[in-house]
Amino acid sequence: NVFSQGSNQLTFEEFITIVKENHPMSHISTLKGNEGEYLIKEAKGGFDPKLNGNLNQKYFDNKNYYSHLHAGLKIPTWFGITVQAGYNENSGVRLNPEDYTSNTGLWNAGLSIQLGNGLLIDERRAELRQAEIYANSTQLERDLMLNQFLLDASVSYYDWFKAHNYHSIYKEAVANANERFENVKGLSEFGDKPSIDTLKALIFLQERQLNLEKTRLELANKRALLEVFLWQDGFIPLELDTNVHPSNYEEFVASIPPLISPAALDSISTNHPEFLISQNKVAISKIDYRLKREQLKPNIELKYNALSTNENQTPFANYSMNNYNWGATISYPIFTRKERAKVKLTALKLEQQEAKLELKEAELAYKIQSSFNLWSSTVNQYNIYRQSILNYSNLLSSEVTLFQIGEGSMFLVNLRDQELIDAKLKLVSITVQNKLGEVWYNYARVKI
């Protein structure tokens with residue numbers, strides 16, 4: 001499939017829109033962003049109600065020794081309290097007396113609560129909080145992935161723009177050199193110029209032709225690289241029609257943007273996804289540290305269940321406050337060496353993450369400032385080279401005039417012509433750097 005524009009011009013804005021809407025990487029980045037949703041859903045699964053049940057029976061010597069039937073429901077809550085309810089029906093000739101229930105069974109409903117380790121935070125709550133932070137990080141990673149990809153696409157477009165204009169500059173240079181060669185050749189035939197000037201003009205023409213061929217190859221390569229970013233519906237790669245060209249140079253440079261205020265840079269580093277991801281790692285380590293400290297407390301669990309028979313198939317119809325069972329368990333390791341070691345290890349990890357966060361902020365601040373300095377410099381260089389081109393053009397015209405009246409040389413004409421060409425090439429290069437600076441600011445959250 002061939003991609004073409006009705007106007008034979010593909011602007012940067014049109015190119016980026018096509019890339020965003022059709023490139024497979026855009027779809028991949030969306031999938032990356034969806035990871036967070038499922039991480040949270042997985043963590044919330046720790047609070048899902050759970051049904052449980054079992055049936056145990058023993059038959060021996062034609063007797064039913066025992067039959068234990070149990071069914072229940074447990075509902076964990078965010079506050080560390082577990083709500084539970086169940087039904088038991090036990091019978092048998094050798095049944096343990098404490099397991100006895102009436103023929104209609106026994107209902108129970110109550111609570112269990114952790115009063116020590118697990119009261120303020122437990123693994124379920126820690127996992128959910130960490131999953132929410134991880135989900136935010138996956139969105140930030142998605143932004144990094146997408147923005148880095150868009151930056152790569154932008155660089156590819158401006159490389160194509162640069163190669164196209166280099167090629168145009170040398171096409172013009174070849175035409176000018178050929179015109180000078182024909183003029184010198186004509187003057188030499190009439191004896192107004194020595195034949196050596198004709199040879200020099202031919203050599204200069206051949207140099208321009210060689211450079212033109214090099215730029216033609218570079219343009220073909222940059223065009224091929226640009227096609228990597230052109231897709232249809234995310235599945236069909238496209239080829240760029242040979243008649244399609246980038247934005248017109250004069251219109252392009254007319255849109256050189258004004259510089260942003262340096263004050264606008266202050267918030268970029270602390271809002272940059274890499275910084276926020278590092279910040280999330282610190283938050284996750286803090287939750288882990290809090291959980292490990294919680295485990296230094298004794299394990300104290302208190303349970304209470306109200307009991308009621310199932311008479312007339314109506315649970316708790318004859319409920320009495322005197323019918324219940326309750327219990328308490330406590331455990332605590334004497335030396336707590338394992339628990340204290342875990343606290344120390346997580347404290348060290350937290351300290352490392354905080355140090356990395358400070359380092360990341362400093363690195364980003366430096367890169368942002370240096371990138372802004374480069375962008376600022378290109379604006380000044382652009383204005384200087386625009387004036388230099390006018391000066392080099394006037395100098396070349398003067399040198400050509402001197403040569404025509406016999407007071408100059410072909411060498412100086414070629415020298416001035418090459419200086420003009422170099423200035424034009426440099427102006428294109430500076431323009432591209434400036435535009436990439438603008439792209440960098442628009443995608444200020446990319447990896448820089």
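Q: Does Asp61 count as buried or exposed, and at what relative accessibility?
A: This is a predicted model, so let's take the backbone of Asp61 as a starting place. Asp61 is found in the loop between β2 and β3, and its phi is positive, about 60 degrees, although it is not a glycine. Exposed means over 50% relative accessible area, so Asp61 counts as exposed, at 55%.

Q: Is Thr336 buried or exposed?
A: Thr336 also has a positive phi without being a glycine, of about 50 degrees. You will find Thr336 in the loop between β10 and α8. With a cut-off of under 20% for buried, its relative accessible area of 8% makes Thr336 buried.

Q: What distance does helix α8 reach from its first C-alpha to its last?
A: Helix α8 covers residues 337–404, which is 68 residues. At 1.5 Å a residue, the expected reach is 100 Å. The model comes close to that, with 97 Å.

Q: Which residue just after α8 takes a positive phi?
A: Helix α8 ends at residue 404. Just after it, a phi of about 85 degrees appears, and the residue that takes it is Gly406.

Q: How are the rings of Phe12 and Tyr157 arranged?
A: A pair of aromatic rings is described by the distance of the centres and the angle of the planes. For Phe12 and Tyr157, the centres are 5.6 Å apart and the planes are at 65 degrees. An angle over 60 degrees is the mark of one class, so this pair is edge-to-face.

Q: How many residues apart in sequence are the parts that the Phe12 and Tyr157 pair ties together?
A: Phe12 and Tyr157 are both buried. Phe12 lies in helix α1 (residues 12–22) and Tyr157 in helix α3, so the pair ties together parts whose separation in sequence is 145 residues.

Q: Which residues form one aromatic cluster with Phe12 and Tyr157?
A: The count of aromatic pairs comes to 10, and the edge-to-face contact of Phe12 with Tyr157 is one aromatic pair. These two rings also belong to a cluster. The other members of that cluster are Phe15, Tyr158 and Trp160.

Q: Why is the pair of Phe47 and Trp78 called tilted?
A: The ring centres of Phe47 and Trp78 are 5.7 Å apart. Stacked needs planes under 30 degrees apart and edge-to-face needs over 60. The planes here are at 35 degrees, so the pair is tilted.

Q: Which is buried and which is partly exposed, Phe47 or Trp78?
A: Phe47 lies in the loop between α2 (24–44) and β2, and Trp78 in the loop between β3 and β4, so the pair ties together parts that are 31 residues apart in sequence. Phe47 has a relative accessibility of 15% and counts as buried. At 32%, the partly exposed one is Trp78.

Q: Which residues lie nearest the centre of the largest pocket?
A: The largest pocket holds about 670 Å³ of space. Its lining divides into nine nonpolar, 17 polar and seven charged residues. Of the 33 residues that line this pocket, those nearest the centre are Lys74, Gln84, Ser112, Glu301 and Lys303.

Q: Which element gives the most to the lining of the second largest pocket?
A: The second largest pocket has a volume of about 320 Å³. Of its 21 lining residues, Asn176, Arg180, Leu396, Val400 and Val413 are the closest to the centre. At least two lining residues each come from α3, α8 and α9 (410–442). With nine residues, the element that gives the most is α3.

Q: What volume does the largest cavity have?
A: Searching the whole structure turns up one cavity of 30 Å³ or more. Its lining includes Ala177, Arg180, Phe204 and Val413, and α3, α4 (195–227) and α9 each give two or more residues. By class, the lining has six nonpolar, one polar and three charged residues. The volume is about 60 Å³.

Q: Which strand has the lowest mean pLDDT among the elements?
A: The protein averages a pLDDT of 86, and 92% of the residues score at least 70. Strand β2 (residues 50–60) has the highest mean among the elements, 94. Where pLDDT is low, the predicted coordinates should not be read in detail. The lowest mean, 54, belongs to strand β1.

Conventions
Residues are numbered from 1 along each chain as its sequence is written. This is a predicted model: local features need pLDDT of at least 70, side-chain atom pairs count only at pLDDT 80 or more; totals for chains, interfaces and linings use all residues. Side-chain values use heavy atoms; hydrogens and water are left out. Helices (H or I, at least four residues) and strands (E, at least two) are DSSP runs, numbered from the N terminus. The expected span of a helix is 1.5 Å times one less than its number of residues. On a 1 Å grid over the protein atoms alone, a cavity is a set of points where a 1.4 Å probe fits but cannot get out, and a pocket is an open set with protein on both sides within 12 Å along at least five of seven lines; lining residues have an atom within 4 Å of a point. Grid points are joined across faces, edges and corners, and a volume is the space filled by probe spheres set on the points. Ala, Val, Leu, Ile, Met, Phe, Trp, Tyr, Cys and Pro count as nonpolar, Asp, Glu, Lys and Arg as charged, and the others, Gly among them, as polar. pLDDT is the predictor's confidence in each residue, from 0 to 100. Rings of Phe, Tyr and Trp (its six-membered ring) pair if their centres lie within 6.5 Å; planes under 30 degrees apart count as stacked, over 60 as edge-to-face and the rest as tilted. Buried means under 20% relative accessible area, exposed over 50%, partly exposed in between (1.4 Å probe, protein chains only).
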